[in-house]
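Work through the three exercises below. Try each task before you read its solution.

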Amino acid sequence: MSKKFHIDEAELLCKNGCGFYGNPAWQGFCSKCWRDVYQQAKQAQLQLDTQQKIRPRTLHGAEAPSFSKFEVKKKQHVGKRSQTVKSIFRRTPGKDSPGESVTKKETAARRISAESQQVGGDFAEFLKMLSKPAALDVSKHVRALVERIQNNGDAQVDDQSEIIQDFYQIMIDRLQAHHVYRGVSQGTIDKLMDFMEKYVMTRLYRAIFCPVSTDDEEMDLAIQKRIRGFHWVSVQHLEADFAVQDPVVRAIVDSAITDIIEMDSKRAPQDKLACIVNCSNHIFEALKASKHDEPASADDFLPALIYIVLKANPPRLQSNIKYITRFANPSRLMSGEAGYYFTNLCCVVAFIEKMNAVSLNMSQEEFDRYMSGELTPPDQHDGYMCEGLRLMYQNLNTLADLRQRHEKVMAEAMQLQQEMVEFKDSFKQKIQDVLARTPLTIKPRKTKADIDAEIADQDLLPSPLQPQVVEAGTAVV
């Protein structure tokens with residue numbers, strides 16, 4: 001049977017033909033090609049803004065409109081900051097507030113989380129492997145980047161992303177060309193880039209993840225609500241080869257769901273990507289177990305990933321995807337295992353946003369009845385469910401079995417009681433029948449006979465027996 005959900009690997013590649021993986025968030029380009037396209041569009045926008053600013057004033061003395069679409073959007077985002085719940089908790093004390101007495105040093109120290117301190121310690125230990133000039137050079141550039149982002153908290157997230165992406169490229173070029181890094185192996189350079197990315201993104205996580213100037217939070221709520229509406233979708237609807245009734249497969253599916261949910265608890269982009277890779281590996285493992293150790297194909301993977309995302313409903317899914325897209329080292333997303341699985345995840349989210357009756361091969365009426373809750377799948381309790389629901393239905397089945405056994409015992413007890421009553425009535429009836437057939441006659445009481453007593457009817461007794469001779473020599477009494 002052909003799969004309804006199929007994506008060729010060519011469709012995952014950059015539409016510019018560079019050979020790297022594309023991304024729906026970048027309109028199908030890879031990160032490198034998208035930056036080129038973005039820079040060209042930005043330069044064109046700047047030229048247009050410049051031309052609008054130098055236009056002569058109108059006849060009434062009013063200045064011609066000089067705001068581009070980007071500037072209008074920026075104003076909307078700035079005005080939006082005071083209306084979000086998150087901004088309430090992110091506001092810093094005013095100049096006249098008691099918080100003014102707290103020094104900047106104490107505030108910065110307080111903002112460093114335990115995770116940041118741990119990552120910083122690991123980064124410092126790794127720098128000890130380098131020469132002192134190289135370690136100082138790395139520390140200087142990393143510290144400058146962190147301070148630049150922290151001191152420009154009002155910057156747009158796209159500008160912050162561009163700054164960090166430029167940092168990655170500058171450091172890669174510097175590590176390969178600067179004399180202080182002479183003799184450093186390529187493996188050490190790769191590890192150093194990983195440590196820098198992890199440290200920088202862990203330190204800046206609160207400032208750049210799901211910023212209030214974007215609509216990431218609204219998109220999170222929208223996709224979460226939409227996924228919640230598809231709670232009725234089963235493996236049969238998606239043609240996913242999951243034998244969810246098998247306890248072994250169900251345990252692996254639970255692990256895959258846990259991995260994709262755990263993505264939100266990580267800070268560094270590579271850690272979030274690691275969760276996606278672990279989830280994908282568990283999906284292939286579950287597919288293999290469902291097929292009795294037969295290897296799964298890429299065509300089996302996509303519907304299975306859709307099913308996992310629908311059942312997991314990961315928190316802040318859109319924010320995590322955008323965070324990885326904006327701030328991960330582009331080399332991770334352009335190729336390799338993590339880039340492939342991340343691109344598939346982006347395709348899954350895009351598919352869920354547009355999923356309809358045609359996607360699930362059902363009529364519009366049936367689809368609407370499922371979405372409204374009027375219909376539920378007939379095999380809903382036999383499909384996958386979380387451990388809590390599974391235990392609840394197991395307990396309900398146990399209670400139903402106990403109820404049936406109780407009803408059976410009660411029915412047998414009532415039957416026994418009825419049989420006892422009938423036996424008692426039958427026994428009484430038999431006694432009455434015997435008494436009616438053979439009435440009771442009371443005979444006089446018998447007394448002991450006294451053979452020595454004088455009896456009036458003594459003449460009626462026989463005479464004593466006398467010996468008689470029958471033959472000579474033989475006497476018979």
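The exercises cover the overall make-up, the confidence and one helix pair of this predicted model.

**Exercise 1. Overall make-up**

Task: State how many helices and strands the protein has, and what share of its residues is buried.

Solution:
- Step 1. Count the elements. The protein has 20 helices and 2 strands.
- Step 2. Turn to burial. Of the 477 residues, 35% are buried.
- Step 3. Look at the surface. About 30,500 Å² is exposed, and 55% of it comes from carbon and sulfur atoms.

**Exercise 2. Confidence**

Task: Find where confidence is lowest and where it is highest in the protein.

Solution:
- Step 1. Start with the average. The mean pLDDT of the protein is 80, and 69% of the residues score at least 70.
- Step 2. Find the extremes. Helix α4 (residues 85-90) is lowest, with a mean of 45. Helix α14 is highest, at 95.
- Step 3. Mark the weak stretches. Residues 56-70 stay under 50. Residues 84-110 are also below 50.

**Exercise 3. A helix pair**

Task: Describe how α9 and α14 cross, and which residues make the contact.

Solution:
- Step 1. Take the axes. Those of α9 (residues 186-203) and α14 (residues 269-290) come within 8 Å and cross at roughly 100 degrees.
- Step 2. Classify the angle. Angles of 65 to 115 degrees count as roughly perpendicular, so α9 is roughly perpendicular to α14.
- Step 3. List the contact residues. Helix α9 gives Asp194, Glu197, Lys198 and Met201. Helix α14 gives Pro269, Gln270 and Asp271.
- Step 4. Sort them by type. The contact of α9 with α14 has 2 nonpolar, 1 polar and 4 charged residues.

Methods:
Residues numbered from 1 in each chain as written. Predicted model: local features only at pLDDT ≥ 70, side-chain atom pairs only at ≥ 80, totals over all residues. Heavy atoms only, no water. Axes fitted to C-alpha atoms, helices over the stretch in contact; angles between N-to-C directions. Helix = DSSP H or I, 4+ residues; strand = E, 2+ residues; numbered from the N terminus. Parallel < 35°, antiparallel > 145°, perpendicular 65-115°, else oblique. Contact = heavy atoms within 4.5 Å. Nonpolar A, V, L, I, M, F, W, Y, C, P; charged D, E, K, R; others polar. pLDDT = per-residue confidence, 0-100. Buried < 20%, exposed > 50% of the residue type's maximum accessible area, 1.4 Å probe, protein only. Areas by Shrake-Rupley, 256 points an atom, 1.4 Å probe, with all protein chains shown as cover.
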